[in-house]
Structures are given as C-alpha cells and as structure tokens.
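Trainee: Got a minute to go through a model with me? I have a few quick questions.
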Amino acid sequence: MIFHVLTLFPEMIAEGMSHSIIGRAQDAGIISVNAVNIRDFSEDKHKHADDYPYGGGAGMVMSCEPIYKAYDSIVRERRRRSRPRVVYLTPQGQVFNQEMAKSMAEEEDMIFLCGHYEGVDERVLEAIVTDRVSIGDYVLSGGELAAMVMMDAIARMVPGVLTNEESGSTESFEGNLLEYPQYTRPEVWQGRKVPEVLLSGHHAKIEEWRRQQSILRTLLVRPELLDGAELSKKDQKYLEGLRAQSECKNNAK
Ligand code: SAM
C-alpha cells in the first residue's frame, strides 16, 4: 500500500514513519510512504504556500494552487483511472476509529492532505477531498501528527505488516471490546502479583479469564461499545451478572 502525504513538513513524516513496525514494513516493501512537499509546487519566488484570509481574521490560510498541483502530480504518476481516496485531516471531520482503519487498509494507495495555520482554502478541499477525518475533539497545529496516527493504524491492518505474534486480531476494538490486561516477568513487582490463573498453564481457563476481563474493562471504561459487541450467550450471562452486581452496590448506597 502506498501512502502519499501532501505536507509543508515532509521531514516530519519521513522521520515519524521510519521506526518500529511501520519502518520495518517499509523496509520489507509492504507499505511505502511518499511525502510530497507542497512548497515545491508554489510559483511564488519565496515558495509561499499560504496567504491572508479573505474577510480578515487571525492567521494564514493554505492556498489552492500549490496543493492542487501537488495532488495532480501524484494522480498523473499513478496512471490509474479511478480517483484516489484523499483524506483531509481536520478537527471538523468524522472521528477516526478502528473500523475506518480496516476499510482504508483495503485501498491500494491513499493521499493525506495535512493542513497548517488556520487551515486550507475550502475550494481545493471541495475539488479533491473524498474524506474529512479528525483524530479527536481537540485542535493540533498541523495535520502531520494526525496523518501519522492514521497511517500507523491503517498499516497495522495491511496483510503482512504484523507478524503472527503481533497479530491485531486480539487487540482492543476487535469485536467492540477492549483488550484484557497484560503482564510480564517478574511474577511479583512491588508486592503486586500476576493473577494466579495466568501462571496455571490451563489454556481454557486463561482464555475464559481474558474474555471476562475484556468485558469487565469495556463495561467500566467504554460501556457504549458493548451495544455493538459480539457476545456469546456465555459472555452475555457474565455481563448480566456484572450489571446485577453493580445495581446491588448502587442500591446499597
Ligand atoms: N482553524 C481550524 C478549525 O478551527 O477547524 C483548525 C486549524 S488547525 C490549527 C491546523 C491544521 O491541523 C488543520 O488544518 C488540520 O489539518 C490539522 N488538525 C488540527 N486538529 C486536528 C484534529 N483533531 N484531527 C485532524 N487534523 C487536525
């Protein structure tokens, strides 16, 4: 899969994507990251890619033409008939989640447009953008960190990026549940012991404990996820038990 990133700070993308699992996936040729400097497409002799906002107000706005030309250079190189998926990173977009990561991992390539300053001239967004995506309800200085968050999550879903040991199939949000707690050596740390069942070597019991911990965690931290969770009859019974316990506690207060 190829990630094209339209940005004013290509070094940020190259550096941020060169480590760990994502760096290894690039070395192996499973994904590639093509950071395109929008400034290279500015006709301005100082390579400006922004201007003052019409109507006044604080800050600068990124101009249409350098962004459009940078986009067009990618489209021409692609030589495919279909239009590429173009994500504009914006706090005004749909909030990114694991489902979106999975669906985007099926694309052969994608373009990310990173805004800066006050944002981007609306007209070029109308012309090229297919998806407006936010990584959460807060405002960042630029879209680069947001694009890297998305690329990391999407790349993990591309076949071959994770090894079997790192498999994404048991991680949080699979089946709309959070993952169970994890432990490693030593067995006792600062007086805190690893749960006995994990030392038992009894695989079925360990699986059952992990499943119950996932349900418990989700109920405590993100109960709204449980509405869409894939729960067996046994899971549902366990969840009902947890809910009944918490009702008893509330009534006793
Ligand atoms: N004036 C814009 C607004 O109020 O919607 C915010 C501009 S922000 C300072 C600059 C750039 O950072 C945006 O164009 C966008 O690319 C990026 N950005 C900021 N917050 C983001 C978020 N939560 N998710 C994705 N991108 C974000």
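Trainee: How far is the sulfur of Cys64 from the closest cysteine sulfur?
Mentor: It is 17 Å from the sulfur of Cys114, which is too far for a bond. A disulfide here means a pair of cysteine sulfur atoms within 2.5 Å.
Trainee: And how many disulfides does the structure hold?
Mentor: Zero. Keep in mind that this is a predicted model: local features need pLDDT of at least 70, side-chain atom pairs count only at pLDDT 80 or more, and totals for chains, interfaces and linings use all residues. Residues are numbered from 1 along each chain as its sequence is written, and side-chain values use heavy atoms, with hydrogens and water left out.
Trainee: On to the ligand. How many residues surround the ligand?
Mentor: 21, and the closest are Tyr88, Leu89, Gln92, Glu118 and Tyr138. To be near, a residue needs a heavy atom within 4 Å.
Trainee: What is the class split of that shell?
Mentor: 10 nonpolar, 10 polar and one charged. Ala, Val, Leu, Ile, Met, Phe, Trp, Tyr, Cys and Pro count as nonpolar, Asp, Glu, Lys and Arg as charged, and the others, Gly among them, as polar.
Trainee: Which strand gives the largest share of the shell?
Mentor: Strand 5, with five residues. Strand 5 (85-95) and strand 7 (131-134) each supply at least two. Strands are DSSP runs (E, at least two residues) and helices are too (H or I, at least four), numbered from the N terminus.
Trainee: Which side chains have an N or O atom 2.8 Å from a ligand oxygen?
Mentor: Those of Tyr88 and Gln92. A polar contact is a pair of N or O atoms within 3.5 Å. A ligand nitrogen also lies 2.8 Å from a polar backbone atom of Tyr138.
Trainee: How much of the ligand does the protein bury?
Mentor: 85% of the 590 Å² that the ligand exposes when taken alone. Those areas come from the Shrake-Rupley method with a 1.4 Å probe.
Trainee: New topic. Where is the cis peptide bond?
Mentor: Between Arg185 and Pro186, with omega about 5°. Pro186 sits in the loop between helix 6 (144-155) and strand 8 (188-189).
Trainee: What about the phi of Ser20?
Mentor: Positive, about 55°, although Ser20 is not a glycine. Ser20 lies in helix 2 (residues 20-27).

Conventions:
Polar contact = N/O pair within 3.5 Å; in protein donor to acceptor, adjacent residues only side chain to side chain.
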